[in-house]
Amino acid sequence: MSLAPGDDRPAMPPVRLPSEAELAREALAAPLLSRAVWLARWVGEGTPVGAGGELLAPALSEAVHELGLTGTPDGEAEVVEAWNFAVDTGLVSITETGDLPAGGTGQARSLVEHEDHPAVGVATADEELARLVDGAPEDILDLWADGLDAVLSDVATPSFEELLGEVEGLEGLFGEDGQLAPDAIDLDALDWDPEAEAGLLDSVLGNLYVFGVTDQDGQAASLLPLPMIAAATLLPEEMEELTDEAFEDVSALVVRLDEQFRVLADTGLLEYHPMDDSVVGGDEENDEDDESAEGLQDIGDEDLDDPSRYGQVRLTPLGFYGVRRRMREVGLDVPLVGELADAPAGALLDALTERPPSAVTEEAELWLAGREPVAAAEELLAAARGADPAGPGRRLGCQLTLALLDASAEPALRAVLDDAELGGLARVWLAERGAADVPPPSEELVFWLTIDTLAAQLGTGAEEDDLPELRELVTGLVDQHSEFFDRAWRTDHPATADVLEAVGRMHPDRQLAKQARKAAFKARSRG
């Protein structure tokens, strides 16, 4: 699942999101942003920083203490990550200067005078901090999303140590002063493609999004095993047996995702239960340097019964918002449950043809809410007309939406009884509600509605082999009418020939399938 634009695939399933106010509160409560806000307030009028804008050692120690992270194994690392987040989002600004202003804080002055910690810049709280405190939920989410982009970029980039590991022989990399020599490493020669790495992580997030939405109407109901996400990202759907090479690739990605998700969890993007340490690294007594994927290969089938040992993950509601936002930025269609409530009827009907059955009823109910029944029915019926290829799908969506209205909408349906395209579905609606004085349909209308209904089913985008209900419907229609094909090919519907060809492919009886193909030929000749 790639987030790259232009992919030939159906639209994403619709997701249900909380209000922006709720999402903003969730963003502010995320460990990374909440610590970043604290640090932005803490820097005061000016805190000295090093050449890369990093906190100097005394200030870093103080921040660890003030944030209550003293004694935790990753306390300093968590403060550094929060500091980077504050800088990346503009909560803190860095000004390069050889000397601090005379009005600097006592803390700043003492650090500048400390020879072991040369300060070459000053960090101050920026205007983004005030905007975050007083801003609207949209402002908070914009800032959070900017920080998320930076974190995703960071976790997709190998560390300097990992890059050095790609270099054979370290001689000549460092000068006499112990600093890395300029141009010592040819980054182009390394086996690292930044765009591919970022794309891989985006693909993982895309799969988390799809699996999460389809797991429960709009939100993930359960944690997903890391091996499942890795396999879905790397392996083609048609692969029936996992090769040794594929297993190694999946194992390596599982280990990499474990490291990345530990960092991303603090952004509020996802909930993550890390991989069991016993899964990775093999036997400590034999080889403390045994690396990542090798340890996974020693796991037996009995261990697979406990997927939690391999890490489990799911997107949070804020995570669905963040991934959806990234998808929209690259032009993907990522529908939101309820976004059609104020749309015209035509937009609703067009969208319903792309929505899974579980979402169609809810979208239709939200659209009908607040609308007067007769006016809503009239708008739907008007939008359902059309001889274009999408027409049958719109009429099917119209039927499904009209089915949610009670008898108070009857005048709108009676008004189209003589309409060639809408008269059939109007009669069905009225008959289902026991309406009186409904004129019987003509034979032409019956066959037109039959062809239209089959065309709508065939236009859902699903493969014919995946539509057992349609196959049963086709078989039943043909079996009930001995002269079905002789009458059907004469039906004045733009999809008649296509439908009969599909019947020829789907009907299990070879003789009847042949008759369907002949009828399709006659329909095309007639046209």
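**Sheets, rings and one helix face**

In the model, Tyr 272 has Val 313 as its bridge partner in strand E6. The structure is a predicted one: local features need pLDDT of at least 70, side-chain atom pairs count only at pLDDT 80 or more, and totals for chains, interfaces and linings use all residues. Residues are numbered from 1 along each chain as its sequence is written, and side-chain values use heavy atoms, with hydrogens and water left out.

Strands and helices are DSSP runs numbered from the N terminus (strands, E, of at least two residues; helices, H or I, of at least four). Strands pair if DSSP finds at least two bridges between them. Strand E5 covers residues 270–273 and pairs with E6 in the antiparallel sense, over four bridges. Leu 270 of this pairing stands opposite Leu 315 in E6. Strand E4 (residues 224–225) also runs antiparallel to E6 (residues 312–315), and two bridges join them. Here Leu 224 stands opposite Val 313. The result is an open sheet of three strands with the order E4-E6-E5 and antiparallel pairing. E4 and E5 are its edge strands, each pairing on one side only.

Side chains in a regular strand alternate between the two faces of the sheet. E5 follows this pattern. Leu 270 and Tyr 272 point to one face and are buried. Glu 271 and His 273 point to the other face and are not buried. Burial is judged by relative accessible area, with a 1.4 Å probe and protein chains only (buried, under 20%; exposed, over 50%; partly exposed, in between).

Another open sheet also has three strands, in the order E1-E3-E2, with antiparallel pairing. Strands E1 (47–49) and E2 (92–96) stand at its edges with a single partner strand each, so one side of each has no neighbour in the sheet. Neighbouring strands are turned by 35 degrees against each other on average, direction ignored. For such angles, axes are lines fitted to C-alpha atoms. E2 pairs with strand E3 (residues 121–125) in the antiparallel sense, over five bridges. One of the matched residues is Ser 93, whose bridge partner in E3 is Thr 124.

Six aromatic pairs are found in a search of the whole structure. Rings of Phe, Tyr and Trp (its six-membered ring) pair if their centres lie within 6.5 Å; planes under 30 degrees apart are stacked, over 60 edge-to-face, and the rest tilted. Phe 447 and Phe 484 form one tilted pair, because their ring centres are 5.7 Å apart and their planes stand at 35 degrees. Phe 447 lies in helix H20 (residues 443–458) and Phe 484 in helix H22 (residues 484–488), so the pair ties together parts that are 37 residues apart in sequence. Phe 484 also pairs with Phe 485, edge-to-face, at 5.5 Å centre to centre and 80 degrees between the planes. Ring pairs thus link Phe 447, Phe 484 and Phe 485 into a cluster. Phe 447 and Phe 484 are buried, and Phe 485 is buried as well.

Charges also meet rings. A charge sits over a ring if NZ of Lys or CZ of Arg is within 6 Å of the ring centre and within 35 degrees of the ring normal. The charged end of Arg 487 sits over the ring of Phe 447, 5.1 Å from its centre. Arg 371 lies over the face of Trp 367, at 3.8 Å from the ring centre.

Trp 367 is one of the buried residues of helix H15, along with Ala 359, Val 360, Glu 363, Ala 364 and Leu 368. These cover an arc of only 160 degrees around the axis, which puts them on the same side of H15. The arc is that of the directions from the helix axis to the C-beta atoms. H15 (residues 357–368) has twelve residues and should span 16 Å; its end C-alpha atoms are 17 Å apart, which agrees. The expected span is 1.5 Å times one less than the number of residues.

Two single residues complete the account. Most residues other than glycine have a negative phi. Asp 437 has a positive phi of about 60 degrees although it is not a glycine. Asp 437 is found in the loop between helix H19 (423–432) and H20, and counts as exposed at 74% relative accessibility. Arg 262 is found in helix H11 (residues 244–264). At 38% relative accessibility, Arg 262 counts as partly exposed. Its C-alpha atom is separated by 10.0 Å from that of Val 155, 107 residues apart along the chain.

Note on methods
Axes fitted to C-alpha atoms, helices over the stretch in contact; angles between N-to-C directions.
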